[in-house]
Amino acid sequence: MSSTSIERGDIVRIKPEWLEVGENGEQKYVVLQDYGNNRVLIRALDTGLPLPPVNMVDINSLLYCGRAYPKYEPEQIPSGMNVYIEASFTVKSTGEHKTIEVKINEDLIPFGVAKFLTRRYGEISGLCFHFAREAEE
C-alpha cells in the first residue's frame, strides 16, 4: 500500500531508514490527524505510558500496518465531535457474543476501547466496530 493512502485511524510503523539510532522498528503508531502536505499526527501504541508520545511526521516515512477502526465518511465523524460506536465481540472464556455501545472521541478511538474490553471481559475475539450515532452536546 502506498504511503499516500495513509489516513486517520491507520496503524503505522516508521520505515527503517527514518528510525533514529536505538529506536524500536517494531513500535506501532495510530494516525490521529491529517494536516495536509503529507504531514500527519501519530501517537505511539502500547507504550505503557499514561501520555504516549505524539509526533507530526511525513507520511512518506511511514509503513501501513492496518486500521485501528473502520473507515467512516468524514460527515459521520466530524473532527472534534463525540460519537457512539457499537463494539461487537465474543468473550473467549464463555463463548458469549456481546454488542455494546461505547462513546468515543478523538482521544479514545476504538483501539482504546479494545484494551478496555479486554480488561473488563478477559480475552476476546472477533472484535468489530460500527458507527451508531452522534453524541448529544
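Helices, at least four residues long, and strands, at least two, are runs assigned by DSSP and numbered from the N terminus. The structure treated in these exercises is a predicted model.

**Exercise 1.** Determine how many helices and strands the chain has, and in which order the elements run.

*Solution.* Begin with the count, which gives 1 helix and 8 strands. Then follow the chain from the N terminus, where the elements read β-β-β-β-β-β-β-α-β, so that by this order the helix is followed by a strand.

**Exercise 2.** Work out the order of the strands in the open sheet, and explain why one side of β4 and of β5 is left without a neighbour there.

*Solution.* First, place the 5 strands of the open sheet in the order β4-β3-β2-β1-β5, with antiparallel pairing. Next, look at the edges, where β4 (54-58) and β5 (62-67) stand; because each has a single partner strand, one side of each lacks a neighbour in the sheet. Finally, going from one strand to the next, the twist averages 45°.

**Exercise 3.** Describe how β3 pairs with β4, and find the bridge partner of Val40 in β4.

*Solution.* Strand β3 covers residues 39-44, and its antiparallel pairing with β4 extends over 5 bridges. Within this pairing, take Val40 and look across to β4, where its bridge partner is Val57.

**Exercise 4.** State what share of the residues is buried, and what the exposed area of the chain consists of.

*Solution.* Counting as buried a residue under 20% relative accessible area, one finds that 34% of the 137 residues in the chain are buried. Turning to the surface, the chain exposes about 8,300 Å², of which carbon and sulfur atoms supply 50%.

Key. Residues numbered from 1 in each chain as written. Predicted model: local features only at pLDDT ≥ 70, side-chain atom pairs only at ≥ 80, totals over all residues. Heavy atoms only, no water. Pairing = 2+ DSSP bridges. Axes fitted to C-alpha atoms, helices over the stretch in contact; angles between N-to-C directions. Buried < 20%, exposed > 50% of the residue type's maximum accessible area, 1.4 Å probe, protein only. Areas by Shrake-Rupley, 256 points an atom, 1.4 Å probe, with all protein chains shown as cover.
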